[in-house]
Amino acid sequence: MAKAANATDMRLIAKDAEDLAIVAACLQDALVPISEVQYLAGEQRFIMLLNRFRWERQPAGRHGPTTGRSSGDDASFHDADDYFDTEQRIHCGLCVDKVTAVRSRDVDLKQRGKFLSLLTLQFDGSNLNLVFSGGGIIQLTVSEMSVFLKDMGEGWPTQWRPDHEREMAAAAKGRG
């Protein structure tokens with residue numbers, strides 16, 4: 001399923017729902033410029049460039065089950081793009097093959113200057129749904145699951161860590 005050439009080069013392939021859950025976790029909170037979303041009908045391919053939050057690389061004090069590090073680890077070498085003890089984002093490409101149709105709801109793909117925030121990917125057997133904040137969905141009808149994700153370039157530090165609990169509390173306060 002997952003293949004990493006080195007610590008900074010994530011490559012994932014999803015051929016079933018279990019694989020897709022891993023890809024979805026890696027892409028949660030990715031920012032997507034609508035200008036970087038394209039359906040190549042003749043190739044039955046949907047491609048998208050994303051700016052993804054690197055959930056798998058957590059700075060000190062934020063260790064979780066996915067980091068594999070603990071405060072007692074020995075010092076280690078870091079890659080050039082490994083900004084030690086910072087949150088990171090990285091450019092990432094997503095390719096979905098075997099796509100026979102693309103539909104969207106509450107996403108205007110003609111507004112090329114806008115950005116979307118990807119929440120998750122869902123698969124129901126024939127449709128792969130890309131679910132965005134605000135309720136937008138891009139639905140890909142696929143003849144079979146064939147999803148490929150690849151990091152591109154080097155990561156960079158960010159001070160903005162996605163916080164769904166805070167966002168949900170703010171939304172609830174706005175409704176009350």
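## Strand pairing and the first hairpin

Two strands count as paired if DSSP finds at least two bridges between them. That rule applies to strand 8 and strand 9 in this predicted model. Strand 8 covers residues 115-123, and strand 9 covers residues 127-132. The two strands pair in the antiparallel sense, over five bridges. One of the facing pairs is Q122 and N129, the latter in strand 9.

Strand 8 and strand 9 form a hairpin. Three residues lie between them. G125 sits in the turn and has a positive phi of about 110°.

## S126 in the loop

S126 belongs to the loop between strand 8 and strand 9. Is S126 buried or exposed? Neither label fits: its relative accessible area is 35%, so S126 counts as partly exposed.

Which residues does S126 touch, once neighbours within four places in sequence are set aside? The contacts are L140, T141 and V142. Those residues fall within the span of strand 10, residues 137-142. S143 is 17 residues away from S126 along the chain. The C-alpha atoms of S126 and S143 are separated by 6.6 Å.

## More partners for strands 8, 9 and 10

Strand 8 has another partner. Strand 3 (residues 30-33) runs antiparallel to strand 8, and four bridges join them. L31 has S117 of strand 8 as its bridge partner.

Strand 9 also pairs with strand 10, antiparallel and over five bridges. Here V131 faces I137 of strand 10. Strand 9 and strand 10 make a hairpin with four residues between the strands. G134 takes a positive phi in that hairpin, near 85°.

Strand 10 pairs with strand 7 (residues 99-105) as well. Six bridges join these antiparallel strands. R105 stands opposite I137, and I137 also stands opposite V131. Five of the six residues of strand 10 are buried, so the strand is largely enclosed by the rest of the structure.

## The nonpolar core

In soluble globular proteins, nonpolar side chains tend to be buried together. In this model, the largest nonpolar core holds 32 residues. L94 and L130 touch the most other members. Helix 1 (residues 17-27) supplies the largest share of this core, five residues.

What does L130 contact beyond its neighbours within four places in sequence? F46, M48 and L94 are on the list. So are L118, T120 and L121. The rest are G136, I137, I138 and L140. I137 thus recurs: it is a contact of L130 and it faces V131 across the strand 9 and strand 10 pairing. L140 recurs too, as a contact of both L130 and S126.

## Salt bridges

How many salt bridges are there? The count is three. One joins E43 to R45, with the closest N and O atoms 3.2 Å apart. E43 is partly exposed, at a relative accessible area of 48%. R45 is also partly exposed, at 27%.

R45 forms a salt bridge with D97 too, at 2.6 Å from N to O. This pair links distant parts of the chain. R45 lies in strand 5 (residues 45-53) and D97 in strand 6 (residues 87-97), 52 residues apart.

The remaining salt bridge is between R52 and D151, at 2.9 Å from N to O. R52 lies in strand 5 and D151 in strand 11 (residues 147-158), so the pair ties together parts that are 99 residues apart in sequence. Both R52 and D151 are buried. Shared partners join E43, R45 and D97 into one network of salt bridges.

## Cysteines

How many disulfides does the model contain? The count is zero. C26 is in no disulfide, and the nearest cysteine sulfur, that of C92, is 8.3 Å away. The cut-off for a disulfide is a sulfur pair within 2.5 Å.

C26 has 13% relative accessibility, so it counts as buried. C92 is in no disulfide either, and its nearest cysteine sulfur is that of C26. C92 has 0% relative accessibility and so counts as buried.

Note on methods:
Residues numbered from 1 in each chain as written. Predicted model: local features only at pLDDT ≥ 70, side-chain atom pairs only at ≥ 80, totals over all residues. Heavy atoms only, no water. Core = buried A, V, L, I, M, F, W, Y, C linked by side-chain atoms within 4.5 Å. Buried < 20%, exposed > 50% of the residue type's maximum accessible area, 1.4 Å probe, protein only. Contact = heavy atoms within 4.5 Å. Salt bridge = Lys/Arg side-chain N within 4 Å of Asp/Glu carboxyl O.
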